[in-house]
Amino acid sequence: MRSRFAVGAVAGLAVIGLALSGCSGNSSTGSASSGGDLDGKGKTLDVMIAANSLYPTEQQQWFKDVSAQFQKETGATVKFETFASANDELTKIQTSVVSGQGPDIYDLGTTFTPTAYSTGAFVKLTDADWDKVGGRDRFVPATLGISGPDAKNEVGIPFLSRPFVLAYNKDLLAAAGIDKPADTWDGLAEQAKKLTSGDVHGMAIAYADSFDPWKFVWAMSMQQGNPLIDAKTKKATIDDDAVKKAYETYFGWLSDDKVVDPAAIGWKNAQAVAAFGSGKAAFLPMVSSSSQVSLDKSGVAGKYAYAVMPTIPPGEKKLPSDGKAAASIISGDNMVVAKYSKNQDLAFALVKMLTSTKNQVAYTKTFGDLPTNADAAKQIEQGNDLIAPILDAGTKSFGTPFSGAWGDTQLALVNVVVQSIPALSSGGVSSSDLESKLKAAQATAQGALDKSK
Amino acid sequence: MTTTATPPSTASASRSRSTAATIKRKANGTRQGDITRLLPKPLLVTVITVLLVIVLGPVLYMLFSSVNGDASVAGGAFFPTELHFDNYIKVWSTVDLGNGLMNSVIVCLAVAVVCAFLAVATAYVLVRYEFRGRLTFLRGLLGLQSIPGTLMLLPVFVLFSSAASILGIQIIGTRAAVFITYLTFALPFSTWVMVTYLRGLPKALEEAARIDGASSWRILTRIVVPLSWPGIVVSGIFAFLLGWNDVLFASVLTNPETRTAAVALQVFGATQEGGAIPLYGQMMAASLICAVPVVVLYLVFQRYLIGGLTSGGVK
Amino acid sequence: MADSTLVTPTGASGGRRGGRAKPVHLRNRPLWMLLPGGILMILVIVVPLVVAVLMSTLDLDQYTLQSWLQAPFIGVQNYIEAVLDSSLLRSIGISVSFAVIAAVVTMPIGVAAALATQNKFRGRALVRSLFLIPYVLPAFVVGTLWRTMLQPGGVVDSTLGSIGIHSGLWLNGPLSYWSLIIVQIWTSWPFFYLLVLAGLQSVDHEVHEAAAIDGATWWIKLRYVILPYLRGPIFLALIIAFLHNINAFTLPFVLFGVPAPQDVDVLPVLTYVTSFQSFRFGLSAAMAICSLILIAIPLFVYLRAVKLDSGDEGEKR
């Protein structure tokens, strides 16, 4: 009947219309605004940044201050848009990429920079561009490690640094006669055993967290010289003895060494922090400077300190010849500029402002995250003993493999832990069980690598 | 639908004096509602008590957690170990909750009202009239209801941005974008609710009006709508809640000014890597605050959920 | 029924004609009332659905997203990979069984609640509003709430432990499937309650009187007199709850996180992860469409079986 045909016609026309406009919407590439003096009068830059739930009112104030400062410099104002979690930001990036419209600048977690890079939707910084943001030299060299696959193809400008370290309870260590945490994973486990008694455990580990577990495995594998995937040769090396040892050590803390609270199989990061904060654990690995806020409000305020995590892999007494002394992943935020942005030069100017020494020092003083500006880092270091180890860990950070396949690899690594939890709760993960899970993870990672471009 | 034309007549024909007396006695001693009671009293009380416990237990936990310290909640405490009543104050500044609530209320109320009436109109045609493709339309509605949201996110976004560039106006980021999205997603189900409800309405009133020469529009607005308030209220509630609780679409279709409360709430639950405990207390407080408008609206409109048919109107 | 195919709408004015008055349901059909809803649904649901089908035939991932129309066309390859090479079929199995169990168990609870609050009693408005709370709370709040309650050593474990039950892990392992069902039941029973409550309002007062006169006990009255009225709402609620549970993403996502434990790797979480974490949009669209087709078949069988679509009109002659 007519109406049915009409339905089909309307739908068909609409799809054709979409297709046509879809083509036109994505044609802008490298449309930088004309050079010369930056005049941003009447323009607004749109920046997407993580919502800071630790310092919400301070963040609102910071938004206002940044916009005011930028307006004085260039005449343009800055509008900030926040996202609640990394997943939200990734979704926003995808919808913006597919439609060719959205924020001009994204503040990205470092581990997601490879994914953003692989969409091809962000500006690769030429030498001229680097000058516009203040020059590559102004940054701490380690923080540039995850800006791109190599120095010639970089999209990320380092903005914040949040290296991972180990927090420890000074009182508990002193009572057990331990001076400071060991620099080998085996030594750390031994110390944890001495610190475990009654309802106090040596370590607080969040086995059920979606983010923590893979970083341990990565660190231990890197220290054995295994980067897990190689972007250049497109080979995954998860099905490997070093990785197996890493998982065995990680699980072993609970099942064999018994230095972790049995309830930890259900802990997310927050529960592990809470346990440490109530004095029930001596070591709390894999935290960053964001933990200061929670720990200062807890029962261990003033009694805790940070230390660089062990850099010598399990089973070894010193670093193997091909191993890397990876104390932490390169963690923090990079800023990327979208190719579809019509205000690219203004965007670079804003990034230059935000990564200047003055702004970086002020940011660190307010929010606690460490600066990526080398001068600012030197200034912060003076007189602040608590965060000195964190800055140290920052210089000893290594980047996760720069590949579009890293997202899947990371998921696969965490998946091994998630699917092992039932076994872990009933005694331990058997060797054959672990091997088959590693094979599955290897297949996933290799599949993702094969698809990567 | 089985209208009960027969029982009263046979009953009246065979009404014995004893049953008449029984009814008189009941009418004197008890309220009319007793005849309509569906469950015996003890069962009724048991059901309500059990359900209240099941519902209020976790809600009580939310209340306790909303004034507890975040680390205690993370550690699994039930009763508050410390009292932080200021959580209820802090939520308004941690995220722009006031703005979010306002946006949510505006959009969802609009969606509820428009959706309920569109649903009545559509259902009226579907139930009372014949036309080719009627069954297909009905089945198609249910089919549309089964489409998952994650499938539609990117295409809907593409649709809106393309429409924006064709029409030259900004759609994404406005309240209109989420309004249209929620309205359309709520329509299939709301229509079905009205279809089911309208089937139970006797046609006599409408037929009488038709004989008197009323147009379809008059019949719809003067007769059908007033009789179907319960169904309208229920479909309105569902449409409202669809928009109220949606996060996926709101997070990409809104900008900071038009952000809804559901998206704002996400910030509280955000898991931070590296040792920051989520703001459990504020999150529970904010969630309870966000539940209030819906419960209040329900309290206001639930009087319409009582006895739709005007007694005696059919006779 | 044969008449309707020959009859063309004559409009409101041309209704009466001598002796051949057409029945009401064929005259004066205000089909225009279908337009606003219909157009909206076509534009905002059908068109994106077509786009999604298109995307499912493309090799659309993070590398090709930017100019998605130029992504390579790979036809049914995504579908083949979805069915053979991914955990789609297992996820569908988990989702469907979970949806059915949750919908079926929730039904009596909702019906009982509606029956219990039908009559006036002091505080009824308050009770009715309190009943609504689990349904009103956003899914991610419910998820976080129950995740905190169900964590090892949390509230549920300590309560059960105090009466001697040690259940093991709630959020991983075999029990996780049942945790999901329990939480879903907790949050969605008010849905049945609302629908049945609305349906109860269409019961004439005379029906109650007649049952009282006939001296029917509450159980007889309920089963033979009241429940037939509720047939429509209950069957509708069952199918809608089923569909909603199959597509419910936020609750399992927040309750269990990603990667999901094997026993609760439900379909919407799988498609979400494939789409927004592995960035394989083409594959995820194919997965979603596969599941749509697989679910549509029993859906329409159900519709036919409970006569939900035709109701009484189809039987009228």
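Biologist: In S10(A), which residue is the bridge partner of Asn169(A)?

Modeller: Asn169(A) has Tyr304(A) as its bridge partner there. Bear in mind that this is a predicted model, where local features need pLDDT of at least 70 and side-chain atom pairs pLDDT 80 or more, while totals for chains, interfaces and linings use all residues. Residues are numbered from 1 along each chain as its sequence is written, with chains lettered from A and ligands numbered from 1 in the order written.

Biologist: How many bridges join S5(A) and S10(A), and in which sense do they pair?

Modeller: Four strand-to-strand links would be the short version: S5(A) and S10(A), the latter covering residues 304-307, pair over 4 bridges in the antiparallel sense. Strands are DSSP runs of E, at least two residues long, and helices are runs of H or I with at least four, numbered from the N terminus. Two strands pair if DSSP finds at least two bridges between them.

Biologist: And what about S5(A) with S9(A)?

Modeller: Strand S9 of chain A, residues 281-287, also pairs with S5(A) in the antiparallel sense, over 3 bridges. There, Leu284(A) in S9(A) is the bridge partner of Ala167(A).

Biologist: How many residues of S5(A) are buried?

Modeller: Strand S5 of chain A spans residues 165-169, and 5 of its 5 residues are buried. Buried means 20 or more other C-beta atoms within 10 Å of the residue's own, exposed 12 or fewer, partly exposed in between, with C-beta atoms placed from the backbone.

Biologist: Which residues of S5(A) go on which side?

Modeller: Val165(A), Ala167(A) and Asn169(A) are on one side, Leu166(A) and Tyr168(A) on the other, and both faces are covered.

Biologist: OK, what strand order does the 6-stranded open sheet of chain A have?

Modeller: The order is S2-S1-S3-S12-S4-S13, with mixed pairing. At the edges stand strand S2 (77-83) and strand S13 (370-371); each has a single partner strand, so one side of each is left without a neighbour in the sheet.

Biologist: How do S1(A) and S3(A) run, parallel or antiparallel?

Modeller: Strand S1 (residues 44-50) and strand S3 (residues 105-109) of chain A run parallel, joined by 2 bridges. Met48(A) stands opposite Tyr106(A) in S3(A).

Biologist: Switching to chain B. How many helices and strands in its secondary structure?

Modeller: Chain B comes to 15 helices and 0 strands. It has 315 residues, and 53% of them count as buried. Among chain B contacts between residues at least 6 apart in sequence, 75% join residues at least 24 apart. Two residues are in contact if their C-beta atoms, placed from the backbone, lie within 7 Å.

Biologist: How many residues do chain A and chain B each put into their contact?

Modeller: Chain A gives 42 residues and chain B gives 33 residues. On the side of chain A that touches chain B, helix H1 (2-25), helix H2 (56-74), helix H3 (86-99), helix H10 (269-277) and helix H11 (291-296) each supply at least two residues.

Biologist: And how many for chain B with chain C?

Modeller: That contact takes 103 residues from chain B and 101 residues from chain C.

Biologist: Last one: where in chain C is Leu150(C), and is it buried or exposed?

Modeller: Leu150(C) is in helix H6 of chain C, residues 139-150. With 23 C-beta neighbours inside 10 Å, Leu150(C) counts as buried.

Biologist: What is Leu150(C) in contact with, neighbours within four places in sequence aside?

Modeller: Val156(C), Trp170(C), Leu171(C) and Ser179(C). Ser179(C) is 29 residues from Leu150(C) in sequence, and their C-alpha atoms are 8.5 Å apart.
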